[in-house]
Amino acid sequence: MIGAATYSAGLMSQSFWFLEFKKAVRLRQEGLDYDEIKKIVILKNRNHPMNL
């Protein structure tokens with residue numbers, strides 16, 4: 001097959017990155033600094049049901 005495209009998960013990961021980026025921008029607009037955002041993300045990840 002000429003010019004067959006191969007699947008790449010990279011494009012899918014970019015959509016998740018974009019959602020996380022939007023959340024970080026919103027938190028920055030609310031006045032949080034990067035260290036506070038990092039703490040929030042770590043706490044949310046620790047408390048996620050998949051980690052229990």
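This report describes the fold, the surface and the aromatic contacts of a predicted model.

**Overall architecture**

The protein chain contains two helices and zero strands. Of its 52 residues, 6% are buried. The chain exposes about 5,200 Å², and carbon and sulfur atoms supply 63% of that area.

**The aromatic pair in helix 1**

The count of aromatic pairs comes to one. It is formed by Trp 17 and Phe 21, whose ring centres are 5.2 Å apart and whose planes meet at 10°, so the pair is stacked; the limit for stacking is an angle under 30 degrees. Both residues belong to helix 1, which spans residues 10-29, and because they are four residues apart they are separated by about one helical turn.

The accessibility of the two partners is listed below.

| Residue | Relative accessible area | Class |
|---|---|---|
| Trp 17 | 56% | exposed |
| Phe 21 | 42% | partly exposed |

Trp 17 counts as exposed because its value of 56% is set against a cut-off of over 50%. Phe 21, at 42%, falls in the partly exposed range, which lies between 20% and 50%.

**Nonpolar surface patch**

Trp 17 and Phe 21 are also among the members of a nonpolar patch on the surface. The patch further includes Met 12, Phe 16, Phe 18, Leu 19 and Val 25, and its residues together have about 730 Å² of accessible area.

**A charge over a ring**

A further contact involves an aromatic ring and a charged side chain: Arg 28 lies over the face of Tyr 34, at 4.4 Å from the ring centre.

How values were computed. Residues numbered from 1 in each chain as written. Predicted model: local features only at pLDDT ≥ 70, side-chain atom pairs only at ≥ 80, totals over all residues. Heavy atoms only, no water. Phe/Tyr/Trp six-rings, centres within 6.5 Å; stacked < 30°, edge-to-face > 60°. Buried < 20%, exposed > 50% of the residue type's maximum accessible area, 1.4 Å probe, protein only. Lys NZ or Arg CZ within 6 Å of the ring centre and 35° of its normal. Areas by Shrake-Rupley, 256 points an atom, 1.4 Å probe, with all protein chains shown as cover. Patch = residues over 30% accessible without salt bridge, like charges linked within 9 Å, V, L, I, M, F, W, Y side chains within 5 Å. Salt bridge = Lys/Arg side-chain N within 4 Å of Asp/Glu carboxyl O.
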